[in-house]
Amino acid sequence: MITKKIRHFSIEQICDSGQCFRMTKLDDNKVEVIAKGKYLIITSNKDEVTFSCTKEEFEEVWKDYFDIDNSTDYEKIINSIETDDVYLRNAATYGDGIRILNQDLFEMIISFLISQRNNIKRIRSVIKKLCEKYGEKKIYKGENNEEIVYYDFPTPKALFSADINDIRALGTGYRDVYIKKAAEDVVTGKLDLDKLKTLKYEEAKETLLSLYGVGNKVADCICLFALHHTDAFPMDTHIISIVNNEYNGSFPFEKYKGYSGVLQQYMFFYDLR
């Protein structure tokens, strides 16, 4: 167990922010997280956050995953919002515990292909089934030595080898073809994930748009939630509606260059609630 005092961090808000589909609320201020091949329980009490892991694991995995290494100055971003932008200031105040996660790239590609024309509850259900069928089974030993079984996210090879009809049977629907093709592109080397991680936002988005089934919104979600390009600004129906109603159809990107994606998360979360 390790406890940290972290400002602008709410595990409940992060869980409900729509950027991660393998977090589950266990209780008030207590959330289960499966990521990077690891299992974690986080408990928060105001600014105090407790992670059910060793100091070494926190430093190696979770510090970066939850963007706690000070690479993104959330305080500065919130304070930069124009005083006359009442909507955005309210949204940032409401969701100021949200952080942009550094998630696994292949997992985000598959997750947001599944997310198309879908709702969060169903996305989580499909991804859970996908992991249980094709992911590696693992065991986490809890505080009292109790064993918790969980599953890693499937590898590209596992999904490439899977029968497409079996993938569809998990509830993916027409997205089964997208999943198979993305896995094939990685396995055959057509899509180089390591190279993709080195590209700037515009180049990364262009590469992602070349994948079968990936449009602008999905590409921006992957750029924001896996590659940490915080100037990516996913535009779904919620955000389009907000931009039209609050900004006359044109969000002021020039004012928030380099971190508009963080503001997008505040807007999305505020709109959902």
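At 75% relative accessibility, asparagine 248 counts as exposed in this predicted model. The residue is found in the loop between helix H13 (237-247) and helix H14 (260-272), and its phi is near 50 degrees, a positive value in a residue other than glycine. Most residues other than glycine have a negative phi. A positive phi is also found at histidine 8, where the angle is near 55 degrees. Histidine 8 lies in the loop between strand S1 (2-5) and helix H1 (11-15), and with a relative accessible area of 13% this residue is buried, whereas asparagine 248 is exposed.

The interior of the model was examined next. The largest nonpolar core comprises 68 residues, and those with the most contacts inside it are Ile109, Ile110, Leu208, Phe251, Leu263, Tyr266 and Met267. Helix H5, which spans residues 105-114, gives the most to this core, contributing eight residues. A second core, separate from the largest one, has 23 residues and includes Ile11, Val33, Ala35 and Val61. Within the largest core, Ile110 is among the residues with the most contacts, and, when its neighbours within four places in sequence are left aside, isoleucine 110 is in contact with Leu130, Phe153, Leu159, Ile179 and Ala182.

The packing of helix H5 against other helices was then considered. Two packed helices are described by the angle between their axes and the distance between the axes. The axes of H5 and helix H12 (residues 216-225) come within 9 Å and cross at roughly 150 degrees; because angles over 145 degrees count as roughly antiparallel, H5 is roughly antiparallel to H12. The crossing in which H5 passes H12 is right-handed. On the H5 side the contact is made by Leu105, Met108, Ile109, Phe112 and Leu113, and on the H12 side by Val218, Cys221, Ile222 and Phe225. The residues of this contact divide into nine nonpolar, no polar and no charged.

Helix H5 also packs against helix H6 (residues 120-134), at an angle of about 130 degrees and with the axes 10 Å apart, which makes H5 oblique to H6. As H5 passes H6, the crossing is right-handed. Ile110, Ser111 and Ile114 of H5 meet Ile123, Val126, Ile127 and Leu130 of H6 in this contact, whose residues comprise six nonpolar, one polar and no charged. Two of the residues named here, Ile110 and Leu130, are in contact with each other.

A further helix pair is formed by helix H4 (residues 86-94) and H14, which pack at an angle of about 85 degrees with their axes 8 Å apart. Because angles of 65 to 115 degrees count as roughly perpendicular, H4 is described as roughly perpendicular to H14. Helix H4 contributes Tyr87, Leu88, Asn90, Ala91, Ala92 and Tyr94 to the contact, while H14 contributes Leu263, Tyr266, Met267, Phe269 and Tyr270. By class, the residues of this contact divide into ten nonpolar, one polar and no charged. Leu263, Tyr266 and Met267, which take part in the contact from H14, are also among the residues with the most contacts inside the largest nonpolar core.

Finally, asparagine 165 was located in helix H8 (residues 164-172), where this residue is exposed, with a relative accessible area of 56%. Asparagine 165 and valine 177 are twelve residues apart in sequence, and their C-alpha atoms are 9.7 Å apart in space.

Conventions
Residues are numbered from 1 along each chain as its sequence is written. This is a predicted model: local features need pLDDT of at least 70, side-chain atom pairs count only at pLDDT 80 or more; totals for chains, interfaces and linings use all residues. Side-chain values use heavy atoms; hydrogens and water are left out. A nonpolar core is a set of buried Ala, Val, Leu, Ile, Met, Phe, Trp, Tyr and Cys residues joined through side-chain atoms within 4.5 Å. Buried means under 20% relative accessible area, exposed over 50%, partly exposed in between (1.4 Å probe, protein chains only). Helices (H or I, at least four residues) and strands (E, at least two) are DSSP runs, numbered from the N terminus. Contact means heavy atoms within 4.5 Å. Axes are lines fitted to C-alpha atoms, for helices over the stretch in contact, and angles run from 0 to 180 degrees between N-to-C directions. Angles under 35 degrees count as roughly parallel, over 145 as roughly antiparallel, 65 to 115 as roughly perpendicular and the rest as oblique. A crossing is left-handed if the near helix is turned anticlockwise from the far one by less than a right angle, and right-handed if clockwise. Ala, Val, Leu, Ile, Met, Phe, Trp, Tyr, Cys and Pro count as nonpolar, Asp, Glu, Lys and Arg as charged, and the others, Gly among them, as polar.
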